[in-house]
Amino acid sequence: MIPAFVRRLAAPGLALAVSAASLVAQASGPIISVDTTPLPPVAGISIQLGAIGANTDAFNTQLALQGRGQLRKTIPTLGVESWVRWNRIMLMAGSHTYVPQKARATNYTTEQTGSFGQVDIGIPVILARTTLVYPLVGIARSANTVTLRRNGGFNFDTSFRDISSVGGRNVEITARQYQAHVGAGLDHVFWLPWPNMLMSIGLRGGYMTSIGDPTWRSGPEKVTGAPELGLKGAYARLTIGGVLGKRRYAIAPMIGSLLPHIGR
């Protein structure tokens with residue numbers, strides 16, 4: 001579980017690290033002012049904190065039949081997103097990680113972790129010097145991992161040579177699925193005297209749904225007969241980040257945030 005969770009956190013972390021280097025590089029240059037900075041902004045990056053609906057009804061029905069803890073219908077998320085703009089077209093890409101959750105029952109504990117990477121296209125309908133308002137549409141690739149643990153008086157310090165004889169205590173399964181969503185965004189640009197740079201704060205909201213059936217696996221093995229478990233419902237996010245002076249500064253963090261979700 002720990003390595004898998006670390007991998008899911010790596011996407012926002014990698015993108016944030018690359019973007020931080022870009023921002024530092026800008027900050028180390030000549031001091032600029034709002035009057036000499038190209039506005040409206042042509043690129044940016046933001047950290048995003050929010051929540052999204054999950055399609056857990058069918059999965060929770062099966063968990064209840066087994067006497068297991070049930071999953072929440074709303075998932076808190078933490079992510080990072082980069083974007084570039086060409087006149088009235090915006091391209092956005094980012095990665096979001098679920099805040100892990102646990103649901104305990106008498107004999108079992110259910111744990112859920114996950115993440116999703118997304119690519120969006122936005123069309124600014126309001127394009128002022130310090131304000132952008134845009135509808136957006138996009139696709140995403142989600143990974144939902146559920147771990148079913150048995151409670152009770154077990155010794156969890158297992159010797160490697162005993163693994164084959166004590167299997168079945170914990171089961172980890174992952175559903176990967178494509179998602180589609182529509183929404184809208186609002187970004188407001190402001191000047192921060194320290195560290196002498198343009199910042200942005202904004203809101204995102206919309207609705208996400210599933211495309212096709214999920215692919216379930218437990219390690220390398222395919223799992224059949226599992227109910228659907230994907231992202232489905234309204235989402236809302238608060239964004240805060242920095243304005244990048246050139247479009248090329250956003251390319252590396254955009255690619256970095258999507259890499260963990262490609263080919264999985």
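This text walks through the salt bridges and one helix of a predicted model.

Start with charge. Side chains of opposite charge can pair when their charged atoms come close. Searching the whole structure for such pairs turns up four salt bridges. Three of them are described here, beginning with a pair that stands by itself in this account.

Arg204 and Glu81 form a salt bridge through their side chains, with N to O at 2.8 Å. To find the two residues in the structure, look for Arg204 in strand E9, which covers residues 197-218, and for Glu81 in strand E2, which covers residues 74-86. They are 123 residues apart, and the pair links distant parts of the chain. Both Arg204 and Glu81 are buried.

Now turn to Glu111, which takes part in two salt bridges. One partner is Lys102, whose side chain meets that of Glu111 with N to O at 3.8 Å. The other partner is Arg149, where the closest N and O atoms are 2.8 Å apart. Arg149 and Glu111 again link distant parts of the chain: Arg149 lies in strand E7 (residues 131-150), Glu111 lies in strand E5 (residues 108-122), and 38 residues separate them. Through the shared partner, Lys102, Glu111 and Arg149 are joined into one network.

How buried or exposed is each member of this network? Glu111 has a relative accessible area of 11%, and because buried means under 20%, Glu111 counts as buried. Lys102 has a relative accessible area of 53%, which is over 50%, so Lys102 is exposed. Arg149 has a relative accessible area of 23%; this value falls in between, and therefore Arg149 is partly exposed.

The last stop is helix H2, made up of residues 57-65. Which residues of H2 are buried? They are Phe59, Asn60 and Leu63. Why do these buried residues line one face of the helix? Viewed down the axis of H2, they fall within an arc of 95°, so they line one face.

What covers the buried residues of H2? The cover includes E5, E7, E9 and strand E8, which runs over 170-192. Some of these strands have already appeared: E5 holds Glu111 and E7 holds Arg149, while E9 holds Arg204. After H2 comes Gly67, which has a positive phi, near 70°.

Definitions and conventions
Residues numbered from 1 in each chain as written. Predicted model: local features only at pLDDT ≥ 70, side-chain atom pairs only at ≥ 80, totals over all residues. Heavy atoms only, no water. Helix = DSSP H or I, 4+ residues; strand = E, 2+ residues; numbered from the N terminus. Buried < 20%, exposed > 50% of the residue type's maximum accessible area, 1.4 Å probe, protein only. Arc of directions from axis to C-beta. Contact = heavy atoms within 4.5 Å.
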